[in-house]
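Please consider the model shown below. The paragraphs that follow treat its side-chain pairings in turn.

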Amino acid sequence: MFTMENTEGFDQKTLDKMNAEVKKIISKHDPKNKNYKKICEQIEDQVFDKYCSEVFRPSLKL
């Protein structure tokens with residue numbers, strides 16, 4: 001899960017949204033699956049990447 005300690009650049013409100021999204025997606029997977037931990041990590045990576053592209057929109061100044 002995302003916390004202020006392991007994530008930089010996001011406020012607590014955004015981290016809460018990210019964690020809620022991760023929990024929602026993870027709930028669709030069986031915790032007994034032998035790859036469950038890996039699946040969870042992949043889901044966290046996907047959510048993180050999504051929020052990075054939505055929250056941090058780089059702009060070019062020429």
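**Aromatic and charged pairings**

Phe48 is partly exposed, its relative accessible area being 30%. Because the partly exposed class lies between the buried limit of 20% and the exposed limit of 50%, Phe48 belongs to neither of the outer classes. The model that contains this residue is a predicted one.

Phe48 takes part in ring pairing. The structure holds two aromatic pairs. In one of them, Phe2 and Phe48 are stacked, with 6.2 Å from centre to centre and 25° between the planes. The assignment as stacked follows because the planes are under 30 degrees apart, and the centre distance satisfies the requirement that ring centres lie within 6.5 Å. This pair links distant parts of the chain: Phe2 belongs to the segment before α1 (12-26), whereas Phe48 belongs to helix α2 (residues 36-55), and the two are 46 residues apart. Phe2 has a relative accessible area of 10% and is therefore buried, the limit for that class being under 20%.

The other pairing joins Phe10 and Phe48 in an edge-to-face arrangement, with 5.9 Å from centre to centre and 70° between the planes. Here the angle is decisive, because planes over 60 degrees apart count as edge-to-face. Phe10 lies in the segment before α1 and Phe48 in helix α2, so this pair ties together parts that are 38 residues apart in sequence. Phe10 counts as buried, since its relative accessibility is 6%. Through these ring pairs, Phe2, Phe10 and Phe48 are linked into a cluster.

Attention now turns to the polar side chains. Side chains of opposite charge can pair when their charged atoms come close. Which residues form the one salt bridge that the structure holds? The side chains of Glu21 and Lys50 meet in this salt bridge, at 3.0 Å from N to O. The pair qualifies because a side-chain nitrogen of Lys must lie within 4 Å of a carboxyl oxygen of Glu. Glu21 lies in helix α1 and Lys50 in helix α2, so the salt bridge ties together parts that are 29 residues apart in sequence. Lys50 counts as partly exposed, because its relative accessibility is 32%.

Glu21 has further partners. Its side chain makes a polar contact with the side chain of Tyr51, at 3.2 Å. When residues up to four places away in sequence are not counted, Glu21 touches Val47, Lys50 and Tyr51.

Definitions and conventions: Residues numbered from 1 in each chain as written. Predicted model: local features only at pLDDT ≥ 70, side-chain atom pairs only at ≥ 80, totals over all residues. Heavy atoms only, no water. Phe/Tyr/Trp six-rings, centres within 6.5 Å; stacked < 30°, edge-to-face > 60°. Helix = DSSP H or I, 4+ residues; strand = E, 2+ residues; numbered from the N terminus. Buried < 20%, exposed > 50% of the residue type's maximum accessible area, 1.4 Å probe, protein only. Polar contact = N/O pair within 3.5 Å; in protein donor to acceptor, adjacent residues only side chain to side chain. Contact = heavy atoms within 4.5 Å.
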